[in-house]
Amino acid sequence: MTTAHTAGVFARQAEGTCYRVLMWEACALSAEHLAEWKAQKAAVLAQMKDAGTKGSRGLLGKLSEQLKSIDFQYIEKPLIESERAAFSFARADALVAQLREDTATLAYKLHAAGAEVLAQLPAGESLDTMVQRWQAATEGMQWHTETVVEALSPQQATALQLSIGNPADAAEEAAEQQAATQEFRHVTVLAAEAVEALQPAAGKVLVDATLGGGGHTERMLQAGAEVWGIDQDPAARAAARARLAPFADRLHIVAGNFRNAAEMLRQQGLEQADGLLADIGISSPQVDCAERGFSFLNDGPLDMRMNPAAPLCAADIVNTYAESDLADILWQYGEERASRAIARRIVQERAKSRICTTKQLADIIAGVLPRKGKQHPATRSFQALRIAVNDELGALEDLLRSGLSLLKSGGRFAVITFHSLEDRAVKRYFEHVTKAELDRPEWPAPRPNPDYAARLVYRKPITPGEEELTANPRSRSAKLRVIEKL
């Protein structure tokens, strides 16, 4: 073999949990090099523990990305350039023959001293068994006992397939192309109430900060408004673009997190709007799609990212965070009383093998908590992990702080929430900005509120009626709060 690699891509659709496996010859990398690799990973994990303790979610994302880059720096790059290997053409051909015969293989690269394989795990087979089968094809070759394994969603696997065939292909484009061919059915919650609160009409410019499948936006467009829709999920954007094609002249779709709504829209040339809507929470297509890893109802990769290109996924948290940080996440974001016991069990189980799928994690949690009633024992923990992965509360707080600045006088800010942590944050902020004066026990008299900028449109939150609850039980926890800029 030369230092150049050979690659193969199969026309097989990625389904269910997929894996990227990097394996190398025992002689390819020195013991000192591997020790340095492990030391670098341990150092980053220590920083992640410290960042988790301090609640630095943005830093955690960067460190997670750094953790993955270490594998390339210390493992993949040396495998491409190695001159220590004895990976002969005969052995390479034998491995390729095995990979081509193996229906689990989606793509592969052969390097000077090892191989990168993208595959989906056959039913009833373990990851170790699959890797051993590939390595057994190269008779007489000594493979190192270490491997680098990353669990991927089908969208990520499809993007990796394309990048192996053509490195210029972007993961975002691949995910959106695949999403466009799939159904994205989402029942819009409080559709009439939320849209009515924004008072859409011809000549008005409205912002849907959580575009989703486009349900709220469609009603705004039908009323004659111009709408800017924001979503970080390529599947949602693709579905909304197809659904709202008849209104393309008044619709602008922007890729991004709603926490940056004001900044992103100003970059697009929109300085002020007549209304802003945010539907906080996860959509039904995301929950129901096993490959997204949000739910334990069907097995899938432990992902939970609303933005598939984001660096931090649930598997990173579950497999790398310190026990105390895991417990804090489960307690703070899921209000899980057994948070410490669950965190302890997770750490014990991941020491045996990496936790890669939703079923693995759900089974671990169910082994700690007995089931009571209809709710699965893992429900609160999965909610907590999802919130942590996507920094949902931090994103909401950023949107609340900047949202009013994007509105004209008389513009309305409407937010739909689905659990108490979100609603508490919205209620607290809306109450604060609608108070003309602030008062504290230690003050001799009330003082003007420097943040006073709005009035409450509804004194109490709007909730779904009986008809909507019957048609869509998932709407039962929804609350709509609205303020109007003075």
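A residue is classed as buried when its relative accessible area is under 20%. The views below show a predicted model.

**View 1. The backbone at M304, in the loop between α11 (284-288) and α12.** M304 has a positive phi of about 75°, although this residue is not a glycine. Most residues other than glycine have a negative phi. The relative accessible area of M304 is 0%, and this residue is therefore buried.

**View 2. The backbone at E335, in the loop between α13 (323-334) and α14.** E335 likewise is not a glycine and has a positive phi, here of about 50°. Is E335 buried or partly exposed? With a relative accessibility of 41%, E335 counts as partly exposed.

**View 3. Helix α15 (residues 358-366) and the elements that cover its buried residues.** The buried residues in α15 are T358, L361, A362, I364 and I365. Seen down the axis of α15, these buried residues fall within an arc of 160°, so they line one face of the helix. An α-helix has 3.6 residues a turn, so residues three or four places apart point the same way. The cover over the buried residues of α15 includes α12 (314-320), α14 (339-352) and α16 (379-390).

**View 4. The surroundings of Q98 in helix α3 (residues 89-101).** Q98 has a relative accessible area of 17% and is therefore buried, since the cut-off is under 20%. Which residues are in contact with Q98, leaving aside its neighbours within four places in sequence? These contacts are R133, W134 and A137.

**View 5. Strand β10 (residues 407-417) and its pairing with β9 and β14.** Of the 11 residues of β10, 8 are buried, so this strand is largely enclosed by the rest of the structure. Strand β9 (residues 273-279) pairs with β10 in the parallel sense, over 6 bridges. Within this pairing, A278 has V415 of β10 as its bridge partner. In which sense do β10 and β14 pair? The pairing of β10 with strand β14 (residues 479-485) is antiparallel and also comprises 6 bridges. Opposite I416 stands L480 in β14. In a regular strand the side chains alternate between the two faces of the sheet.

How values were computed
Residues numbered from 1 in each chain as written. Predicted model: local features only at pLDDT ≥ 70, side-chain atom pairs only at ≥ 80, totals over all residues. Heavy atoms only, no water. Buried < 20%, exposed > 50% of the residue type's maximum accessible area, 1.4 Å probe, protein only. Helix = DSSP H or I, 4+ residues; strand = E, 2+ residues; numbered from the N terminus. Arc of directions from axis to C-beta. Contact = heavy atoms within 4.5 Å. Pairing = 2+ DSSP bridges.
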